[in-house]
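Trainee: I'm new to this one. Could you walk me through a single part of it, up close?

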Amino acid sequence: QRFALERCQSGKDLIWNGTDLDGERNDGKGGDKVAKRLNLVIPDEPDAIRWQSLNSTFSQNWGPFIVTTFVAIVIMFLIFVIIYSQRHLDAWKISAMITASNVMFPWIANQLVKFEYHSFESDRERSLLIKTVLFRCAITTWLLEFIRPFTSISAPGPENTIETIRELFIFDIFVSNGIQLLDIIGNFRRHYLGPLARSQNDMNLHFAGTPYSIAERYTNLIKIVYMAI
């Protein structure tokens with residue numbers, strides 16, 4: 001079915017010479033042929049559809065999205081102010097605070113998105129992408145401009161801009177990736193909670209793979225590229 005739909009979409013518009021339900025031609029002029037232009041759309045995969053929110057209205061989709069995005073901006077502003085108030089600290093401490101915020105925020109964004117209505121998983125991932133990109137670019141790049149302005153590029157000691165950027169890249173390489181590789185929560189569920197499960201079904205749930213978000217992976221790359229530019 002999917003192969004046929006893809007072939008139909010790749011060529012000219014599909015014309016169907018068909019009949020109506022009574023088996024008679026439907027051209028209205030007594031002719032023998034009738035041409036109808038078919039609009040073919042490849043459907044989403046069943047697991048990509050959020051069935052509980054499939055019939056949500058426009059206001060149900062955009063209302064919670066605007067509210068949760070506003071909450072995310074407020075959280076971003078609070079963390080921005082907290083880190084900025086500690087701008088006198090050494091470069092590695094500032095970098096540690098920024099990295100910890102970037103690692104923690106995707107979980108907060110996931111909790112906020114639970115209050116939204118999305119008919120498809122792609123819409124949910126788009127909402128996560130918007131919130132996480134805004135937060136990570138603001139905390140990583142814009143905040144760094146306030147803490148270490150361009151005039152600090154030649155400043156001696158820990159207030160040097162290049163030193164802070166170097167420490168931030170080091171923390172991103174080892175801390176962010178290290179947390180993903182260690183998968184502490186997933187290993188705890190598989191190696192501790194799994195053997196303690198009272199049924200096969202419960203044990204299978206504990207041994208399920210750790211879910212990940214494509215939006216979070218994309219924002220991680222966008223943040224690094226944006227900071228490098």
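Mentor: Let's look at one enclosed space and a helix pair beside it in our tour. This is a predicted model, where local features need pLDDT of at least 70, side-chain atom pairs count only at pLDDT 80 or more, and totals for chains, interfaces and linings use all residues. Residues are numbered from 1 along each chain as its sequence is written, and side-chain values use heavy atoms, with hydrogens and water left out.

The count comes to 1 cavity of 30 Å³ or more (on a 1 Å grid over the protein atoms alone, a set of points where a 1.4 Å probe fits but cannot get out). The largest cavity has a volume of about 40 Å³, volume being the space filled by probe spheres set on the points, which are joined across faces, edges and corners. Its lining (residues with an atom within 4 Å of a point) is made up of T69, A72, I73, M76, F105, I130, K131, L134 and F135. At least two of the lining residues come from each of α2 (58-85) and α4 (121-147); helices here are DSSP runs of H or I, at least four residues, numbered from the N terminus.

Now take α2 with α3 (residues 91-113): their axes, lines fitted to C-alpha atoms over the stretch in contact, come within 11 Å and cross at roughly 165°. On a scale from 0 to 180 degrees between N-to-C directions, α2 and α3 are therefore roughly antiparallel (over 145). In α2, T68, V71, A72, I75, I79, I82 and I83 meet I94, M97, I98, S101, M104, F105, I108 and L112 of α3, with contact meaning heavy atoms within 4.5 Å.

Key: 1 Å grid on protein atoms, 1.4 Å probe; cavity = no way out; pocket = protein on both sides within 12 Å on 5 of 7 lines; lining within 4 Å. Parallel < 35°, antiparallel > 145°, perpendicular 65-115°, else oblique.
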